[in-house]
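Trainee: Got a minute to go through this one with me? I'd like to start with the charged side chains.
Mentor: Sure, pull it up.

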Amino acid sequence: MDKNNFDQAVLPADSVIDGALFAKMVKGGADNLRANVDAVNNLNVFPVPDGDTGDNMYMTIGGGVDAISNLRDADLSDVVEAFAHGMLLGARGNSGVIFS
């Protein structure tokens with residue numbers, strides 16, 4: 001994402017993050033990670049260049065997104081709790097556990 005697109009995504013200072021907006025934000029993050037899985041896989045060289053860090057992180061965030069996909073009109077705390085729990089259960093590899 002270039003700087004100009006990032007600037008357009010910034011919320012006004014008086015914005016409030018509710019459950020629906022949080023869900024939209026993490027789904028956008030998951031989409032961004034999916035688009036860059038190969039780049040993240042190529043970053044992994046220590047301790048072993050196994051090349052699956054991006055895949056593991058994407059599966060982990062996918063577990064969180066799946067956990068909130070059916071929540072409707074939930075408040076922020078319920079969405080965050082479900083997302084975190086879904087990420088933990090969906091965690092793959094060391095990077096996924098750390099990410100969750």
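Trainee: So how many salt bridges does a search of the whole structure find?
Mentor: One salt bridge turns up in the whole structure, taking a salt bridge as a side-chain nitrogen of Lys or Arg within 4 Å of a carboxyl oxygen of Asp or Glu. Before we go on, this is a predicted model: local features need pLDDT of at least 70, side-chain atom pairs count only at pLDDT 80 or more, and totals for chains, interfaces and linings use all residues. Residues are numbered from 1 along each chain as its sequence is written, and side-chain values use heavy atoms, with hydrogens and water left out.

Trainee: Which side chains meet in that salt bridge?
Mentor: Asp31 and Arg34, at 3.6 Å from N to O. In general, side chains of opposite charge can pair when their charged atoms come close.

Trainee: And where do Asp31 and Arg34 lie?
Mentor: Both are in helix α2, three residues apart, about one turn of the helix. Helices here are DSSP runs of H or I with at least four residues, strands are runs of E with at least two, and numbering goes from the N terminus.

Trainee: Is Asp31 buried or exposed?
Mentor: In between: Asp31 counts as partly exposed at 42% relative accessibility, and Arg34 is partly exposed too, at 47%. The cut-offs are under 20% relative accessible area for buried and over 50% for exposed, with partly exposed in between (1.4 Å probe, protein chains only).

Trainee: Switching to the whole chain, what does the secondary structure come to?
Mentor: Six helices and zero strands. From the N terminus on, the order reads α-α-α-α-α-α.

Trainee: What share of the residues is buried?
Mentor: Buried residues make up 29% of the 100 in the protein chain. The accessible surface is about 6,900 Å², with 57% of that belonging to carbon and sulfur atoms; those areas come from the Shrake-Rupley method with a 1.4 Å probe, and for residues only the protein chains shown count as cover.

Trainee: Now the inside. How many residues has the largest nonpolar core?
Mentor: It has 13 residues, and those with the most contacts inside it are Phe22, Val26, Leu33, Ile61, Ile68, Val79 and Phe83. A nonpolar core means buried Ala, Val, Leu, Ile, Met, Phe, Trp, Tyr and Cys residues joined through side-chain atoms within 4.5 Å.

Trainee: Which helices supply at least two residues of this core?
Mentor: α2 (19-35), α4 and α5 (76-90) each do. The largest share, five residues, comes from α2.

Trainee: What is Phe83 in contact with?
Mentor: Leaving aside neighbours within four places in sequence, Phe83 is in contact with Phe22, Val26, Ile61, Gly64, Val65 and Ile68. Contact means heavy atoms within 4.5 Å.

Trainee: Phe22 is on that list. How many aromatic pairs does a search of the whole structure find?
Mentor: One aromatic pair. Phe22 and Phe83 form it, edge-to-face, with 5.8 Å centre to centre and 85 degrees between the planes. Rings of Phe, Tyr and Trp (its six-membered ring) pair if their centres lie within 6.5 Å; planes under 30 degrees apart count as stacked, over 60 as edge-to-face and the rest as tilted.

Trainee: What does the pair tie together?
Mentor: Phe22 lies in helix α2 and Phe83 in helix α5, so the pair ties together parts that are 61 residues apart in sequence. Phe22 is buried at 18% relative accessibility, and Phe83 is buried at 8%.

Trainee: Okay, Thr60. Buried or exposed?
Mentor: Thr60 is buried, with a relative accessible area of 0%. Thr60 sits in helix α4 (residues 53-68). Not counting residues up to four places away in sequence, Thr60 touches Gly86, Met87, Gly90, Ala91, Arg92, Gly96, Phe99 and Ser100.

Trainee: Last topic, Asp73. Where is Asp73 found?
Mentor: In the loop between α4 and α5. Asp73 is exposed at 84% relative accessible area, and phi of Asp73 is near 55 degrees, a positive value in a residue other than glycine.
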